[in-house]
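I opened this entry to log what I looked up in one structure. The notes go from the whole chain down to single residues.

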Amino acid sequence: MSADPTYGFDTLQIHAGARPDPATGARQVPIYQTTAYVFRDADHAAALFNLQEVGYIYSRLTNPTVAALQERVATLEGGAGAVCCSSGHAAQLMALFPLMAPGMNVVASSRLYGGTVTQFSQTIKRFGWSATFVDFDDHDAVKAAIDDNTRAVFCEAIANPGGHITDLDTISAISDEAGIPLIVDNTSATPYLCRPIEHGATLVVHSTTKYLTGNGTVTGGCVVDSGKFDWAANDKFPSLSEPEPAYHGLKFAETFGPLAFTFHGIAIGLRDLGMTMNPQAAHYTLMGIETLSLRMDRHVENAMKVAKWLEDDPRTDYVTYAGLPSSPYAKLVPKICPKGAGALFTVAVKGGYDACVKLVDSLEIFSHVANLGDTRSLIIHSASTTHRQLTAEQQEAAGAGPGIVRLSIGIEDADDLIADLDQALAKATA
Ligand SMILES: *Cc1c(COP(=O)(O)O)cnc(C)c1O
């Protein structure tokens, strides 16, 4: 450990995982731009390949720059370990892969990033997996959706696109009772606003592409393991509890204990699926994380100002920001994300689809992009873009109907953002 895990968040976001380089003393984490690592001798190589010794073999599995990021995100989330990978979508597959098998299902919230709805409702079928989508505000429905073949429950802490807050304590109590892990996508909240493991999450996944990097430069993902789930408690998770033929019958749960999921993610997941994060991406994300708390405080402050202004404006019908006292989710904010409700929400514009499209085209500071969590303010009309592949019912269930736009509020001057929205709303609703 490079930094005492009891240090405060602001200290850990800079120091966790980062040691002076042992060869040069370099203070910033170097970009280890190498594919392979020289073994000390044949015995050393054999021990590494047998997982008897931890070390670097080949950068599809492990790389020192990426390892620094893994340790930093794991520390900030309060997890036992983490595995970084090439994107947020890769992280979701890496999280599900050890748990699922043909015929198994994941119970997922209907309020998810549009790409996740598509990944879960369409693409995972090719593996023989399936997803059951339910409204996670309806706790009885979540309970009822879990069956003998359910291997995970999946939701977002602050849910895309509306910024709705999920009651993680209640959801994790349900998954605990069923003996299955809860996976929380913490992309929109970040560990600064929400710490899902403290609310019972087993695994936390991130698109590091978003707030963790924070500047819209690289794609990346991360799976953090709480280290708290007993994979051998029943026979549902044989990849982790049973002998692994590709490692001479090694049992991950028995051998690695709280690090079983992390070791499996590297030794099987990255080795065989190959969705590896590259060291350049890890470097950009490490630099981004150094200012995470400062940026998130400003994101939240700006989101509150902009959301209040939009809610009071007669050209809008409603604003979904959970930080507003009018939000049905406002009561969950102090419990789930005590430092603020994030900076992602939707606004319903009077005039429907056409007004939304005109608004997007008329803004000057806001960028029209399929991204979120940038220092820059961003806007997208979900129904014609990120949620375009969804049916009308799925769009409504996801909170991405035709008459709403999604805003990701950046860290610019709030007054400038409001003035930009004011002039664009004038054009959109003229
Ligand atoms: C962007 C995003 C993803 C997917 O991440 P990529 O890095 O784009 O693959 C998953 N979940 C949420 C909440 C996201 O915002």
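Below are my notes, by topic.

**Whole chain**

I am working with a predicted model. I began with the secondary structure: the protein chain has 17 helices and 14 strands. Next I looked up the radius of gyration. It is 22 Å, close to the 22 Å from the globule rule for 430 residues, so the chain is as compact as a globular protein of that length. I also took the extent of the C-alpha trace. Along the principal axes it spans about 75 × 55 × 35 Å.

How much of the chain is buried? I found 57% of the 430 residues in that class. For contacts, I took those with a separation of 6 or more. Residues 24 or more positions apart account for 72% of them.

Then the surface. The chain exposes about 16900 Å². Carbon and sulfur atoms supply 53% of that area. I also checked the charges: there are 30 positive and 47 negative ones. Their mean positions lie 2 Å apart.

**The sheet around β11**

I turned to one sheet. In what order do its strands run? I read β10-β11-β14-β13-β12, an open sheet of 5 strands with mixed pairing. The edge strands are β10 and β12, the latter at 367-368, and each pairs on one side only.

I walked through the pairings in that order. β10 covers residues 316-319 and pairs with β11 in the antiparallel sense, over 3 bridges. One residue pair to mark there is T316, whose bridge partner in β11 is V349. On to β14, residues 404-408: 5 bridges join this strand to β11, and the two run antiparallel. Here T346 has R406 of β14 as its bridge partner. β13, residues 378-380, is also antiparallel to β14, with 3 bridges between them. L378 meets S408 of β14 as its bridge partner.

Is β11 mostly covered or mostly open? I found it mostly covered: in this strand, residues 344-349, 6 of 6 residues are buried. I then sorted the side chains by direction. L344, T346 and A348 point one way. F345, V347 and V349 point the other way. All of these are buried, whichever way they point.

**Backbone outliers**

I scanned the backbone next. The background for this step is that most residues other than glycine have a negative phi, and most peptide bonds are trans.

Which residues does the cis peptide bond join? I found it between N160 and P161, with omega at about -5 degrees. P161 sits in the loop between β5 (158-159) and β6 (164-165).

I logged two residues with positive phi. T190 is not a glycine, yet its phi is near 65 degrees. T190 belongs to helix α8, residues 190-193. H248 is not a glycine either, and its phi is about 55 degrees. H248 is in the loop between α9 (238-241) and α10 (252-256).

Are these two buried or exposed? T190 has a relative accessible area of 0%, so I log T190 as buried. H248 has 72%, so I log H248 as exposed.

**Two loop residues**

I picked G401 first. G401 lies in the loop between α16 (392-398) and β14. Although in a loop, G401 is buried, at a relative accessible area of 8%. The cut-off for buried is under 20%. What does G401 touch beyond its neighbours within four places in sequence? I list A383, Q395 and E396. I also noted a pair distance: G401 and Y353 are 48 residues apart in sequence, and their C-alpha atoms are 8.9 Å apart.

L332 came next. I placed L332 in the loop between β10 and α14 (333-336). Its relative accessible area is 13%, so L332 also counts as buried. Which residue is 167 residues away from L332 in sequence but 6.7 Å away in space? I found I165, with the distance taken C-alpha to C-alpha. I165 is also a contact of L332. Leaving out residues up to four places away in sequence, the other contacts of L332 are T166, D167 and C337.

Terms used: Residues numbered from 1 in each chain as written. Predicted model: local features only at pLDDT ≥ 70, side-chain atom pairs only at ≥ 80, totals over all residues. Heavy atoms only, no water. Helix = DSSP H or I, 4+ residues; strand = E, 2+ residues; numbered from the N terminus. Rg over C-alpha atoms; globule rule 2.2 N^0.38 Å. Buried < 20%, exposed > 50% of the residue type's maximum accessible area, 1.4 Å probe, protein only. Contact = heavy atoms within 4.5 Å. Areas by Shrake-Rupley, 256 points an atom, 1.4 Å probe, with all protein chains shown as cover. Lys, Arg positive; Asp, Glu negative; His and termini not counted. Charge placed at Lys NZ, Arg CZ, Asp CG, Glu CD. Pairing = 2+ DSSP bridges.
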